[in-house]
Amino acid sequence: MKKYFFIAVMALSLTILQGCDEEKDVVLWEFTPADVMIHVVNANGENLLSPETPGCIVPEEVEAIYNGKVYEYRYTFVVDGKPVPYKPFAINDTPDSEKTREISATWYGLHDGYSGNDLEPTINFGTFDPTVGYRNEEFEVVWPDGSRDRIAFDLFIDWTDKDNPQYVKNLYLNGNPVEAIVVVK
């Protein structure tokens, strides 16, 4: 009889314990790293990083100074020793063995970038991970003619609403808030 009583108590305890366990949905947040993208145009709005534009700027002659370190321009996508326009990342081009859910920030410093559907060249600086929480960061771009532009930014995740975190990216050009960094030369 004691044996049956023990089994009944054990079965009852399992149901009680199971009922007390509160399950919560676990949400994993992923935030895309970001570059600071710099568009360089002339007074007519023509892209000065395009070699066919009169008075174009050679990007290899541009430098950035960040946290006391000088960054020279570099290409991030090179084939057979020659820079080629960046191919936007396509998950289907990646073999299954190399796929990951993690979106990690790769530091390139001052490097090539491209925007829009026609891949207009830009100069990019980064890549920065927003989960690090960049606030009041600043770097200086030194142009081939010796002129300089001061670029500042904030890049962070605002967790005020834990269920709806906000990706914050603020840009400033020479102390003025801007939607995009567009330098007119």
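**View 1. Aromatic pairs run through this predicted model.** The structure holds 17 aromatic pairs, and it is a predicted model. Let's start with Y66 and F128, whose rings meet edge-to-face, with 6.0 Å from centre to centre and 85° between the planes. Y66 sits in strand β2 and F128 in strand β7 (residues 120-128), so this pair ties together parts that lie 62 residues apart in sequence. Are these two rings buried or exposed? Y66 counts as buried because its relative accessibility is just 7%, and F128 is buried too, with a relative accessible area of 2%.

**View 2. Y71 and F125 make another edge-to-face pair.** Here the ring centres are 5.5 Å apart and the planes stand at 75°, so the pair of Y71 and F125 is edge-to-face. What does the pair link? It joins distant parts of the chain: Y71 belongs to strand β3 (residues 69-72) and F125 to strand β7, 54 residues apart. Both Y71 and F125 are buried.

**View 3. Eight names, one aromatic cluster.** Zoom out a little from the two pairs. Y66, Y71, W107, F125, F128, Y134, F139 and F153 come together as one aromatic cluster. So both pairs from the earlier views, Y66 with F128 and Y71 with F125, have their residues in this cluster.

**View 4. An arginine sits over a ring.** Which residue lies over the face of F156? That's R135, found at 3.7 Å from the ring centre of F156.

**View 5. I57 is tucked into a loop.** I57 has its place in the loop between β1 (34-41) and β2 (63-66). Although it's in a loop, I57 counts as buried because its relative accessibility is 11%, and the cut-off for buried is under 20%. Who are its contacts? Leaving out residues up to four places away in sequence, I57 touches V40, L48, L49, V62, W143, P144 and K185. Take V40, one of these contacts: V40 and I57 are 17 residues apart along the chain, and their C-alpha atoms are separated by 8.5 Å.

**View 6. A nonpolar patch shows at the surface.** Which residues make this patch? V27, W29 and W159 do, and together they give a nonpolar surface patch of about 300 Å². W159 is found in the loop between β9 (148-158) and β10 (166-173). With a relative accessible area of 35%, W159 is partly exposed, whereas I57, also in a loop, is buried at 11%.

Note on methods
Residues are numbered from 1 along each chain as its sequence is written. This is a predicted model: local features need pLDDT of at least 70, side-chain atom pairs count only at pLDDT 80 or more; totals for chains, interfaces and linings use all residues. Side-chain values use heavy atoms; hydrogens and water are left out. Helices (H or I, at least four residues) and strands (E, at least two) are DSSP runs, numbered from the N terminus. Buried means under 20% relative accessible area, exposed over 50%, partly exposed in between (1.4 Å probe, protein chains only). Contact means heavy atoms within 4.5 Å. Patches are made of residues with over 30% relative accessible area and no salt bridge: like charges are joined within 9 Å, nonpolar side chains (Val, Leu, Ile, Met, Phe, Trp, Tyr) within 5 Å. Accessible areas come from the Shrake-Rupley method with a 1.4 Å probe; for residues, only the protein chains shown count as cover. A salt bridge is a side-chain nitrogen of Lys or Arg within 4 Å of a carboxyl oxygen of Asp or Glu. Rings of Phe, Tyr and Trp (its six-membered ring) pair if their centres lie within 6.5 Å; planes under 30 degrees apart count as stacked, over 60 as edge-to-face and the rest as tilted. A charge sits over a ring if NZ of Lys or CZ of Arg is within 6 Å of the ring centre and within 35 degrees of the ring normal.
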